[in-house]
Amino acid sequence: MEDPRARYAAAGVNVEAGDSLVERIKPAAASTARPGCTPSLGGFAGLFDLAAAGHADSLLVASTDGVGTKLRLAVELGMHRGVGIDLVAMCVNDVLAQGAEPLLFLDYYATGKLEVAAAAEVVEGIAEGCRQAGCALVGGETAEMPGHYARGDYDLAGFVVGAVPRNRVLPKDVAVGDALIALASSGAHSNGYSLIRRLAADRNWDLSAPFEDVTLGEALMTPTRIYVKPVLAAVAAHPVHGIAHITGGGITGNVPRMLADDQCAAIERDLLPPSKLMAFLSEQGDLSPAEMEATFNCGTGLVMAVAAEAADAVVADLEAAGETAVRVGTVVEREGDGPQCLIS
């Protein structure tokens with residue numbers, strides 16, 4: 001009898017390659033084990049014991065995200081590991097904004113023809129991101145879809161579930177007078193890459209050209225910073241009232257998400273963490289500060305609202321944990337229907 005796998009392979013789906021990928025990434029998944037979960041790839045679903053993780057009476061917090069058109073650069077440059085970290089970062093930093101600890105992560109990898117080496121590099125990056133965030137990679141899905149994706153192309157989606165004690169859900173008690181603390185980004189993170197790629201084409205960028213201590217391509221592919229561990233420690237030790245993850249929409253589009261309707265974030269532009277990459281993008285695109293701040297993170301990956309009297313201690317703790325943190329503004333009263341984020 002003809003092997004049905006051979007017929008499936010003739011249609012463009014390589015089952016053996018999928019099996020090979022699962023075996024190759026099992027050690028990466030196992031390296032993310034944490035209390036509450038022992039990753040074991042190959043089952044139909046992942047299990048997690050909330051009580052064993054210290055969350056017997058917590059709320060679950062879930063988020064899903066992707067990496068966007070940064071994947072196009074990853075394919076063109078052959079740099080796949082970093083986008084795995086990006087995928088985790090975009091999800092876990094979102095649940096962090098609610099005060100939640102990320103617990104488990106799943107990924108979805110879709111491609112036209114499965115290339116095991118590239119896929120394994122992506123998943124190894126996902127595992128690295130999970131280790132940085134302290135969450136377990138409990139499984140995922142690899143979809144080979146011939147005719148749907150061009151050869152070499154792939155897409156990613158990530159899914160995280162976290163938990164937060166009921167009395168510590170953020171934002172909570174954000175008040176006029178709270179200090180705003182910015183944490184430096186590692187680069188463009190995973191937002192604005194459609195514009196970045198357009199600028200690269202229009203300006204004929206040489207992605208192999210030196211840029212600071214790396215190439216321009218490497219600078220653009222720097223993975224998104226994961227803030228989970230130091231920020232959760234700060235939340236546990238200090239009166240942190242709100243967290244904004246600076247993603248699509250930039251600073252001005254995301255900071256208001258942690259504020260009440262009658263509040264405004266007054267931020268001093270000169271105090272924001274400097275970024276040579278952001279200065280380069282601004283110059284290349286002839287973008288005004290306001291346009292930059294509505295598109296990119298402008299050197300700031302996270303903004304925290306904390307009680308004013310605790311600001312210095314929070315900054316000190318974050319700096320001791322390896323973050324670049326600076327007080328950049330204050331929560332003030334909003335003027336009528338005016339903007340909820342004023343950067344001047």
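The C-alpha atoms at the two ends of residues 56–164 lie 10 Å apart, and this span is 39% helix and 36% strand. The structure described here is a predicted model. In UniProt, an unreviewed entry annotates residues 56–164 as "domain: PurM-like N-terminal". A second UniProt annotation, "domain: PurM-like C-terminal", also from an unreviewed entry, is listed for residues 176–337. The table sets out the two annotated spans.

| UniProt annotation (unreviewed entry) | Residues | Distance between end C-alpha atoms | Helix | Strand |
|---|---|---|---|---|
| domain: PurM-like N-terminal | 56–164 | 10 Å | 39% helix | 36% strand |
| domain: PurM-like C-terminal | 176–337 | 17 Å | 34% helix | 23% strand |

**Domains and their interface**

The domain assignment divides the chain into domain 1, made of 7–39 + 57–165, and domain 2, made of 178–343. Taken over C-alpha atoms, the centres of domain 1 and domain 2 are separated by 25 Å. Domain 1 contributes 29 residues to the contact, and domain 2 contributes 25 residues.

An interface is often sized by the accessible area that is lost when its parts come together. For domain 1 and domain 2, the area buried between them is about 2300 Å², with 72% of it on carbon and sulfur atoms. Polar contact joins 9 residue pairs between domain 1 and domain 2, counting pairs with both residues at pLDDT 80 or more. By contrast, 0 salt bridges are found across the interface of domain 1 and domain 2.

Which elements give two or more residues to the side of domain 1 that touches domain 2? They are α3 (70–77), α4 (81–96), β2 (101–111) and α5 (116–133). The most is given by α4, with 11 residues on the side of domain 1 that touches domain 2. The residues on that side of domain 1 comprise 16 nonpolar, 7 polar and 6 charged.

**Salt bridges**

The whole structure contains 9 salt bridges. One of these is formed by the side chains of R166 and D57, with an N to O distance of 3.0 Å. R166 is in the loop between β4 (154–165) and β5 (179–184), while D57 is in the loop between α2 (15–30) and β1 (58–65), so this pair ties together parts that are 109 residues apart in sequence.

**Backbone geometry**

Most peptide bonds are trans, and most residues other than glycine have a negative phi. Two sites in the model are described here in that context. L170 and P171 are joined by a cis peptide bond, with omega about 0°. P171 belongs to the loop between β4 and β5, and R166 also lies in the loop between β4 and β5.

The other site is D286, which has a positive phi of about 50° although it is not a glycine. D286 is located in the loop between α10 (276–285) and α11 (289–293).

Definitions and conventions:
Residues numbered from 1 in each chain as written. Predicted model: local features only at pLDDT ≥ 70, side-chain atom pairs only at ≥ 80, totals over all residues. Heavy atoms only, no water. Domains from an automatic or database assignment. Contact = heavy atoms within 4.5 Å. Buried area = accessible area lost by both parts, 1.4 Å probe. Salt bridge = Lys/Arg side-chain N within 4 Å of Asp/Glu carboxyl O. Polar contact = N/O pair within 3.5 Å; in protein donor to acceptor, adjacent residues only side chain to side chain. Helix = DSSP H or I, 4+ residues; strand = E, 2+ residues; numbered from the N terminus. Nonpolar A, V, L, I, M, F, W, Y, C, P; charged D, E, K, R; others polar. UniProt positions renumbered as here; feature names shortened; annotations may be inferred.
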